[in-house]
Structures are given as structure tokens and as C-alpha cells.
Amino acid sequence: MTVLAKFRGFDPAARLLMINQFGINLGFYMLMPYLAGYLAGPLGLAAWAVGLVLGVRNFSQQGMFLIGGTLADRLGYKPLIVAGCLLRTGGFALLVFATSLPGLLIASAATGFAGALFNPAVRAYLAADAGERRVEAFAMFNIFYQAGILAGPLVGLALMAIDFRVTAAVAAVVFAILTAAQLFALPTRRMDSDSERNSVLQDWRIVLANRRFVWFALAMVGTYVLSFQVYLALPLHAEFIAGARAQVLVSALFVVSGVVAVFGQLRITAWFRARWGTGRSLVVGLGILATAFVPLVIVPDPHRFGPPVAAGALLMAAGLLAVGTAAVFPFEMDTVVALSEGKLVATHYGFYNTVVGVGILFGNLTTGAVVGAARDAGLGWALWAGLTMVGGAAAFALHRLDRARATHDRYPQPTEADAADPLPEGDSTVARAQR
């Protein structure tokens with residue numbers, strides 16, 4: 001079945017959410033890759049100020065996901081999606097005019113918090129709308145997600161030839177269109193009824209008390225640390241290999257990642273699902289992410305085999321990362337819903353995103369500190385070997401969790417109703433299931 005045919009097979013609400021995600025990433029990535037250069041260049045901000053603006057944006061999103069998810073469960077998914085798109089419209093519009101540090105910080109905080117509002121809501125809405133087809137829906141969703149990441153920087157590069165403020169204005173227009181589309185075309189979906197009865201703290205206690213979910217979130221941190229290296233360690237390595245021509249190699253990294261996701265996602269998902277199912281697919285996918293760095297362990301610099309071979313190893317690593325991410329994402333999103341048991345889904349997504357966001361932060365700090373030191377010590381391979389070990393440890397943790405989950409599902413704990421209504425002697429588990 002073609003991508004278009006598969007897309008048409010979903011409900012109008014799911015299709016709108018997928019197109020919405022393409023627009024979100026298109027608008028975001030046409031602007032954000034060039035923000036640091038604009039701040040340091042035309043605006044002349046000091047390096048610490050550039051870091052502050054970017055850090056505020058990241059914290060406003062990653063640190064506020066739990067708030068956004070909680071609000072989505074209480075107020076409904078659609079209002080949070082609309083509010084997030086509207087807020088990002090305002091944040092990008094402010095970047096057109098802001099030249100002072102306070103104005104830039106307000107714009108940066110607005111764009112970040114907007115993501116915290118609509119991201120958990122979009123995923124919870126899609127999961128609820130897709131029902132039993134969650135894995136297929138999230139696979140299709142990832143195609144639109146990655147297509148936006150692929151197209152955004154290319155559109156932004158063309159607009160940057162005119163001016164950064166033009167790029168910011170176009171990005172604001174994109175989000176204004178998305179706001180109107182979600183407001184008038186997206187059906188309203190009921191919020192989680194449990195959240196209406198509980199306080200916010202009670203909702204958070206319910207999530208924290210879900211041990212299997214919390215352990216799953218912690219285990220999946222390794223996945224995000226590895227996949228995020230396409231934005232950090234791989235571009236830095238491209239500069240080390242190609243020098244002045246690094247931009248071409250960096251662009252090739254994102255093209256490879258985007259092409260794998262856009263054209264291979266459905267086939268990868270279908271193959272993994274048929275062969276391994278959800279739990280084992282996550283483990284195997286994470287194993288692929290871990291092995292993605294092996295080519296760079298073998299070819300850690302351009303001196304041993306030459307720059308072309310080193311560039312080939314880098315692109316091979318990017319391709320394997322893309323395959324591993326495509327394999328993991330749909331099953332990961334489905335598992336979050338399954339572990340939440342359909343209750344407070346957006347809050348679970350918000351907590352999950354917060355945990356992995358903190359993991360990405362510490363993972364990036366560690367990677368950034370190690371990459372230069374390892375290269376200076378003549379141990380460039382050590383960083384890649386370390387990332388491979390991180391992936392292996394995370395895959396092992398997921399394997400243990402999957403086995404524990406299978407055991408729990410096979411031999412469930414007795415409930416209070418079972419204790420109050422014991423089966424007569426000789427009554428079997430099959431008989432219980434038939435009652």
C-alpha cells in the first residue's frame with residue numbers, strides 16, 4: 001500500500017494532525033537553525049547572551065511538557081493544540097521586531113512553551129483517534145514529522161538569502177495558518193474524565209506511581225541521547241572531516257535522515273511489527289541505534305583512510321540512526337499509551353517528554369565535553385564507542401522491561417475482586433476468562 005493510500009485510510013482528524021505536524025516542523029526548522037547566527041551576527045549579541053536565548057527556549061519547552069500534558073487532559077486536546085500554535089505564531093512574529101535581549105527572551109520563551117502545549121496534546125489526540133491502529137498512525141505521523149524537518153531548513157535557507165526577519169515572518173504565517181486550521185477543522189475530543197475529579201497533584205502521583213511507565217521512560221532516555229547526536233556529535237564530526245566544506249556534509253546528514261524516514265518508515269514499521277511485535281521491536285531498534293556508531297569507531301578520523309572514507313562512515317552512521325529511529329518511534333508512542341492504560345494519556349506523554357528532555361540535556365553536556373577531549377588525546381574512537389555502550393545498556397534495560405511486562409501480562413496479580421470471589425477448587429484460569 002502506498003503512503004498516500006495509507007494516509008487516506010485514517011480519519012479526517014488524524015490526517016489533519018499529521019499535516020499539522022508537518023507544518024509545525026516546517027515553520028520551526030525554517031527558522032531555528034539560523035537563529036544563533038542571526039543573534040551573534042546582525043544583532044551582535046555576546047556568546048553568553050546567544051546561549052541564554054537558546055537555553056530559555058529549550059527549557060520553556062522541555063521543562064514544561066508535564067504542564068502542557070496536564071492541561072490537555074483537563075481542558076481537552078484541541079484547545080491546547082490551538083493555543084500552542086497561536087503562541088508560537090506570536091513568538092515568531094515577535095522575532096521579526098525584537099532586537100533587545102528582553103524582547104528576544106520573551107519571544108524565545110513563547111516559542112518554547114508553545115511546543116510544551118501542543119506536543120503532548122497532539123500525540124494523545126492521535127492515539128485516541130487511531131485506536132487499535134496506533135502503531136500505523138504514529139508511523140505515518142513520523143513521515144510527516146521528518147518531512148517537515150527535511151523541508152524546513154531548505155525553505156529557511158532560501159528565505160535567509162533575503163533576510164532573517166523575512167524568514168521569521170513567513171514562519172509566523174505558517175503557524176497562523178495552522179492555528180486557523182486546527183480551530184475550525186479539528187473536531188473537539190473529550191478530555192480524560194478522571195482528571196476532572198482529581199487535583200493536579202493527584203494526577204501527577206498517579207503517573208509517578210506507574211512504575212512500569214516510569215522505568216520505561218528512564219530506559220528510553222538512551223534512545224534520545226543517541227538519536228539526538230545527528231544534531232550535535234555528527235555535525236561536529238563533519239566539521240572535523242570537511243573543514244570549510246562542512247555545511248555540505250551536514251546538509252547530507254539531514255537529507256539521509258529525512259529520506260530514510262519519509263520513504264522507508266511504513267516498510268520498516270510493517271517489517272518490525274510482523275517479525276517482533278512491539279516490545280522486541282523497541283529492543284532491536286535501539287540495538288540498531290547503538291550499532292550506528294560502529295562505523296565511526298572503525299573510521300574515527302580522516303587521517304587513516306582519507307576524507308572520502310571518513311565522510312562515508314559518517315553518512316552510514318546517519319543512515320543507521322535514521323533506520324533505528326524509524327523502527328523505535330511508532331512502538332515507543334504506542335507503549336506510552338499502553339502503559340498509561342488509556343488514563344491521563346497527555347499527562348503521561350508530558351512526563352515522558354520531560355524525562356527524556358532532561359536526559360538529552362545531560363547527554364549533550366557529556367558528549368560536548370568528551371568529543372573535544374577525546375580528539376585532542378588521539379582517542380577519537382572513544383566517544384563513538386561510549387555512545388555504542390550507552391545504546392547497548394539501554395537496549396538491555398528495555399529487554400528486561402519487556403520480559404517483565406510479558407510475565408506480568410501472562411501471570412497477572414490477583415485483584416481484590418478475585419480475593420473476594422475465589423474460584424472453586426478445580427476451576428481453571430481458562431474458566432475465569434470465560435466468566
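**Exercise 1. Helix H12**

What span should the 17 residues of helix H12 (residues 211–227) have at 1.5 Å a residue, and how far apart are its end C-alpha atoms?

Solution. The model is a predicted one, and the check begins with the expected length. At 1.5 Å a residue, taken over one less than the number of residues, helix H12 should span 24 Å. The end C-alpha atoms of H12 are 25 Å apart, which agrees with that expectation. As a next step, the course of the axis can be examined: H12 bends by about 25° at Met220. Finally, with regard to its surroundings, H12 is mostly covered, since 13 of its 17 residues are buried.

**Exercise 2. Helix H7**

Apply the length check to helix H7 (residues 101–130), and state what follows the helix.

Solution. The 30 residues of H7 should span 44 Å at 1.5 Å a residue, and the end C-alpha atoms are 43 Å apart, so the two values agree. H7 is mostly covered, with 23 of its 30 residues buried. After H7 comes Gly131, whose phi is positive, near 60°.

**Exercise 3. The pair H5 and H18**

How are H5 and H18 oriented to each other, roughly parallel or roughly antiparallel?

Solution. Two packed helices are described by the angle between their axes and the distance between the axes. For helix H5 (residues 65–75) and helix H18 (residues 345–376), the axes come within 7 Å and cross at roughly 175°. Because angles over 145 degrees count as roughly antiparallel, H5 and H18 are assigned to that class. The contact itself brings Phe65, Leu66, Gly69, Thr70, Ala72 and Asp73 of H5 against Val345, Ala346, Thr347, Gly350, Phe351, Asn353 and Thr354 of H18. The residues of this contact divide into six nonpolar, six polar and one charged.

**Exercise 4. Two residues in their helices**

Classify Asp334 and Ile143 as buried or exposed, and name their contacts beyond the neighbours within four places in sequence.

Solution. Asp334 is placed in helix H17 (residues 307–340). Its relative accessible area is 11%, and because the cut-off for buried is under 20%, Asp334 is buried. Leaving aside neighbours within four places in sequence, Asp334 is in contact with Arg134, Val135, Phe138 and Thr278.

Ile143 lies in helix H8 (residues 134–160), and at 5% relative accessibility Ile143 counts as buried. With neighbours within four places again left aside, the contacts of Ile143 are Val3, Ala261, Val262, Gln265 and Leu266. The C-alpha atoms of Ile143 and Gly258 are separated by 8.6 Å, although these residues are 115 residues apart along the chain.

Definitions and conventions:
Residues numbered from 1 in each chain as written. Predicted model: local features only at pLDDT ≥ 70, side-chain atom pairs only at ≥ 80, totals over all residues. Heavy atoms only, no water. Helix = DSSP H or I, 4+ residues; strand = E, 2+ residues; numbered from the N terminus. Bend = angle between axes of the 7 residues up to and from the residue. Buried < 20%, exposed > 50% of the residue type's maximum accessible area, 1.4 Å probe, protein only. Axes fitted to C-alpha atoms, helices over the stretch in contact; angles between N-to-C directions. Parallel < 35°, antiparallel > 145°, perpendicular 65-115°, else oblique. Contact = heavy atoms within 4.5 Å. Nonpolar A, V, L, I, M, F, W, Y, C, P; charged D, E, K, R; others polar.
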